[in-house]
Amino acid sequence: MTREATEALTKTREVRRSAFNELYEAHYVTVLRFVERRVDTRDVAQEIAAEVFTVLWKKLDPTVPFDLPWLYKVARNHIANHYRRLGRRAAAEQQLRILGYRAEAIAGSVDDDLRQRVIDGLTRLPARQREIVLLTYWEGLSAAEVGVLLDMRDAAVWAALSRARVALRAALGTPARMAEGGTR
Amino acid sequence: MNSDDAQDELGRLLRSLDPAHTPVDTALTAQMLAIRDRIAGPAGSSSATSRTRPKLLASTLLPLVVVLLVVMGLIVLPSPSPASAYGPRPLAVTLNGRDAQRSANEVLSMLRQQPASQDVRRQRTAWWAIEMRDGRPPAPTPAVDTNISEIDWREDGRAHLVVIAGEAMFVDGSGTTTARSDGRPVGGVISDETFDAGEYQPSLTALPRASDSLEAMLSMWGLTPHSTAGDFASVIPSALLEWNPSSTSQAVLFDALRQLEGFTVLGDTVDRLGRRGVAFEATTPEYPTRRFLVIMSAQTGRFLSIEQMTVGEDPHYVGVPDGTVVDYTAWPDEQ
């Protein structure tokens, strides 16, 4: 290999590394938190988050945008594989269990009863709607971003989210006529 | 309470239930930065060039070594290594003098000669996988605990899934013991879950058919048309964990696998359940530090087991030595 070619290759590598580092620094904690919400141990969460960024490193092309929804998508696949391998319920089902642990951990406040009602409401939601609610409230994703992640159109996300909110507010005892926050 | 208040209240309650442990504003810790550098290498490093010499040396010497082993008629995949204590000893493989495509044709021929049967939504899978803790491997042990998953599911989403404690495997390959490290009795139920209609979501609602193109088949697992044998070998277990496929469907899966880059034959072996098999290796640039060993039955051609082994320093298994079996999945039942 000529010196010029070696230099060009090194430069390309450094550009990739720099792009990777930027994405890692911007999103690692977010991805880790995304995984922590869906698996029950920190070790597994760290392992899966590392796998997500390993996939990013392999696929990274600095000229192509790799955004957070893409990372979430990879993380969801790895989480699904984790549960499949353990022969356990799908990740969405596990989330309910994790929610229960969380409620126990913070028990003792005036909100206990309301929180339990929210968990009961979430339990009764179809898995897809529950996932949309949690992506919206925990990850803070917009309908468009949820749509990218779940392969749904924005309108379908909005509709599902609205239905879920109605059901959850009903679980909280909020009057149904107030419940709908608009379907846009 | 107006609609906005109700919205805020719901959002506040939901957010208070957020189970993420790591605070949102956490700066990257030294451990997180170390993970980053393990994946991409530290800035300014030139890992590719620093490895050139060993690679060249290996590429020059490897054929010579292989020829010598062929002459001796025996090759043992990294034989007793100090790494074996982290996982079961790699399987011994004997060269059989046949190339990958001839071996693959023999497997396909066996599969196609099996009596006609149906794909069954019921499967028993024996498995073990190394569990990293805080990014480090557990202490080496003389034996590792296996588990057995049994699933029976229906098209409408009903399912029954039981995980049972299996025997512990001695890592030196000398057999099994009923003394599990976790103290559970062999055969004891670890979990038992029943799913009502619509609750169980299988990985694949239908297995690929011979009429499917290779590209279509790969896309069923979300793989791209450029995927390699290692990519495919890494996802095949997800189908075999839930389906006990007919020999026809097994042939479809294996035929796809053998057409992909990174597929080679290693030779004859006996799997961890004592069954004679043919060992194939599948690799992928996605995981250059991992190789997949696919064992097909020497009697029926069916998938017997799939194992993963580290090659060099695997960023997912930091501290686990080269040549360690880190993941093992086997299907004990024929149809």
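This section describes the nonpolar cores, the internal cavities and the surroundings of one buried aspartate in a predicted model.

The largest nonpolar core comprises 60 residues. Those with the most contacts inside this core are A:F20, A:Y28, A:V35, A:F53 and A:V133. Helix α2 of chain A, which spans residues 42-59, gives the most to the core, contributing 10 residues. The environment of A:V133 was examined with residues up to four places away in sequence left out of the count. On this basis A:V133 touches A:L122, A:L125, A:L161, A:A164 and A:L168, and also B:L14 of chain B. A second core, separate from the largest one, contains 45 residues. Among its members are B:A229, B:A239, B:W243 and B:A282.

Enclosed space was considered next. Rolling a probe the size of a water molecule over the atoms shows where empty space is left. Two cavities of 30 Å³ or more were found. The largest cavity has a volume of about 40 Å³, and its lining is formed by B:Q123, B:L240, B:N244, B:Q250, B:R302, B:F303, B:W331 and B:D333. By class, this lining consists of three nonpolar, three polar and two charged residues.

The second largest cavity, with a volume of about 30 Å³, is lined by A:A50 and A:T54 of chain A together with B:I35, B:R38, B:I39, B:P315 and B:H316 of chain B. Two elements each give two or more residues to this lining, namely α2 of chain A and α2 (30-40) of chain B. The largest share, three residues, comes from α2(B). Four residues of the lining of the second largest cavity are nonpolar, two are polar and one is charged.

In chain B, the residue B:D119 occupies the loop between α5 (100-113) and β3 (122-129). The relative accessible area of B:D119 is 18%, and this residue is therefore classed as buried, the cut-off being under 20%. Polar partners of its side chain were identified. A polar atom of the B:D119 side chain lies 2.9 Å from the backbone nitrogen of B:S246. The side chain of B:D119 also makes a polar contact, at 2.8 Å, with the side chain of B:S249. When neighbours within four places in sequence are set aside, B:D119 is in contact with B:L207, B:R209, B:W243, B:N244, B:P245, B:S246, B:S249 and B:Q335. Of these contacts, B:W243 belongs to the second nonpolar core, and B:N244 takes part in the lining of the largest cavity.

Definitions and conventions
Residues numbered from 1 in each chain as written. Chains lettered and ligands numbered in written order. Predicted model: local features only at pLDDT ≥ 70, side-chain atom pairs only at ≥ 80, totals over all residues. Heavy atoms only, no water. Core = buried A, V, L, I, M, F, W, Y, C linked by side-chain atoms within 4.5 Å. Buried < 20%, exposed > 50% of the residue type's maximum accessible area, 1.4 Å probe, protein only. Helix = DSSP H or I, 4+ residues; strand = E, 2+ residues; numbered from the N terminus. Contact = heavy atoms within 4.5 Å. 1 Å grid on protein atoms, 1.4 Å probe; cavity = no way out; pocket = protein on both sides within 12 Å on 5 of 7 lines; lining within 4 Å. Points joined across faces, edges and corners; volume = space filled by probe spheres on them. Nonpolar A, V, L, I, M, F, W, Y, C, P; charged D, E, K, R; others polar. Polar contact = N/O pair within 3.5 Å; in protein donor to acceptor, adjacent residues only side chain to side chain.
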